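Hi everyone, thanks for coming. I'd like to walk you through a model I've been looking at, so have a look at the screen.

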Amino acid sequence: MADTTYLISAIAVMAAVNYLTRVFPFLFFPDGRTPGWIRYIEIYFPPVILTILVFYSLKDTDFATAPYGLYEIGGVALTVALHLVFKNYLVSIFGGTLGYMAMVQGWLW
Amino acid sequence: MSPEFKTAFKNSVPVMMGYLVLGFAFGLLLSSVGLGWPWALAMSLLIYAGALQFAAVGFFAAKLGLVQVAIASLFINIRQAFYGLSLLKKFADTGWRKPYLIHALTDETYALLTTIPVPDGLDAKRYYLYLSALNHSYWVSGSVAGALVGGAVQFDTRGVAFSLSALFVVLAIENYKARRQILPFVIGAVAASVAMMTVSSANMLITAIVLSLVMLFALRSRIEQGEDDG
């Protein structure tokens, strides 16, 4: 493993660059007053990115071989169904995750 | 306990599961290359970015040059530069808390902050701080625990990370209920699908974001029209 000085430098670089990506918009609009196109992004980007993050978090799913992504589709469907019926975050997330774990770990078969 | 803390804790529970488990996995991975819990603690406190921290284990093993580390970090997390745009107004009056709120702006915290409205009567800036710090503490605790346990104990955690997918699904449904506009979700799904089919999984997220922004602005008049009708 690399030496301590290198590790500390590398961690400092990563921390700094990561903070830079997060602080970027705040540097450009320090007082929070924003042009119209930013207000448009403010409202409509969250639903877009949430959808993208659902796909992203499941991006390593292999649709080409068995079970053809059916566990992931089933897990998402179960989560949606639980949320529409019970309207409770915890029920939907715990239930969906347990259902998905039951499928991938083969508790049922 | 203040009502702000109680609400923040309640809303952070879904993230708790995902962060403890993913953080734990990160700690395990780090200990597998010979780095103990102080390194896990420092990285999870100071960097606090899941994908980058996992990638960092590879950087260390290869002793990747610092300039390359900086460039790789930028590309892995450039998507976060778009997140702040939705939070400029929310964070405008947070005072001394602001630098920390920005530091703690992960995918999951961003999703919670932009989707769940702050209940009436609560002090929003305190709620934001508690929510951000709770999520951060889960990530730190998970990664330190993982590094401490090392490879000594085996758990079958396959599938637990699905809790983060489920969180995004649930937040998407709540977001839809607030505006009743389907087009942004269609744009997200199309952009993500196209990116998944055309680029490597390392570049998928940023490609999907850029594509979706192009579509979002191409359809701007139509989407804002829908807002007036609804």
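Let me start with a question: where in chain A is the place of A:Lys87? The residue sits in the loop between H3 and H4 of chain A. Before I go on, please keep in mind that this is a predicted model.

I picked A:Lys87 for its backbone. Its phi is near 55°, which is a positive value in a residue other than glycine. Most residues other than glycine have a negative phi, and most peptide bonds are trans. As for its surroundings, A:Lys87 counts as exposed, because 12 other C-beta atoms lie within 10 Å, and the cut-off for exposed is 12 or fewer.

Chain B has a residue to set beside that. B:Tyr48 is not a glycine either, and has a positive phi of about 50°. You'll find B:Tyr48 in the loop between helix H2 (37-46) and helix H3 (50-62) of chain B. Is B:Tyr48 buried or exposed? It is buried, because there are 24 other C-beta atoms within 10 Å, and 20 or more is what buried takes.

While we're on the backbone, please find the loop between H2 and H3 of chain A, which is where A:Pro67 has its place. The peptide bond leading from A:Ala66 to A:Pro67 is cis, with omega near 0°.

Now let's step back to chain A overall. It has 4 helices and 0 strands, so, going from the N terminus, the order is simply α-α-α-α, as the count of 4 helices and 0 strands requires. How does its radius of gyration fit the globule rule? The value for chain A is 21 Å, well over the 13 Å that the rule gives for 109 residues, so the chain is more spread out than a compact globule. Along the principal axes, the C-alpha atoms of chain A fill a box of roughly 55 × 50 × 30 Å. Of its 109 residues, 39% count as buried.

Let's zoom in on two of those helices, H3 and H4. Two packed helices are described by the angle between their axes and the distance between the axes. For H3(A) and helix H4 (residues 89-104) of chain A, the angle is about 155° and the axes are 8 Å apart. That makes H3(A) roughly antiparallel to H4(A), because the angle is over 145 degrees. The crossing of H3(A) past H4(A) is right-handed. On the H3(A) side, the residues making the contact include A:Gly74, A:Gly75, A:Leu78 and A:Thr79. On the H4(A) side, among them are A:Ser92, A:Gly95, A:Gly96 and A:Gly99. Together, the contact residues divide into 8 nonpolar, 8 polar and no charged.

One residue of that contact deserves a moment, and that's A:Thr79. It lies in helix H3 (residues 70-86) of chain A. A:Thr79 is buried, because 29 other C-beta atoms lie within 10 Å. Which residues does A:Thr79 touch, not counting those up to four places away in sequence? They are A:Ser92 and A:Gly96 in chain A, together with B:Ala166, B:Val169 and B:Val170 in chain B. For a sense of distance, A:Phe63 is 16 residues from A:Thr79 in sequence and 20 Å away in space, C-alpha to C-alpha.

Those chain B neighbours bring us to the interface. There, 58 residues of chain A are in contact with 74 residues of chain B. Helix H1 (4-28), helix H2 (36-57), H3 and H4 of chain A are the elements that give two or more residues to the side touching chain B. Which of them gives the most? That's H2(A), with 18 residues. By type, this side of chain A divides into 40 nonpolar, 14 polar and 4 charged residues.

Finally, the partner. Chain B has 12 helices and 0 strands. Its radius of gyration is 19 Å, and for 230 residues a compact globule would have one near 17 Å, which agrees. The C-alpha atoms of chain B fill a box of roughly 60 × 50 × 35 Å along the principal axes. Buried residues make up 45% of its 230 residues. Of the contacts in chain B with a separation of 6 or more, 80% come from residues 24 or more positions apart.

That's my tour, and I'm happy to go back to any of it.

Terms used: Residues numbered from 1 in each chain as written. Chains lettered and ligands numbered in written order. Predicted model: local features only at pLDDT ≥ 70, side-chain atom pairs only at ≥ 80, totals over all residues. Contact = placed C-beta atoms within 7 Å. Rg over C-alpha atoms; globule rule 2.2 N^0.38 Å. Axes fitted to C-alpha atoms, helices over the stretch in contact; angles between N-to-C directions. Parallel < 35°, antiparallel > 145°, perpendicular 65-115°, else oblique. Left-handed = near helix turned anticlockwise from the far one by under 90°. Nonpolar A, V, L, I, M, F, W, Y, C, P; charged D, E, K, R; others polar.
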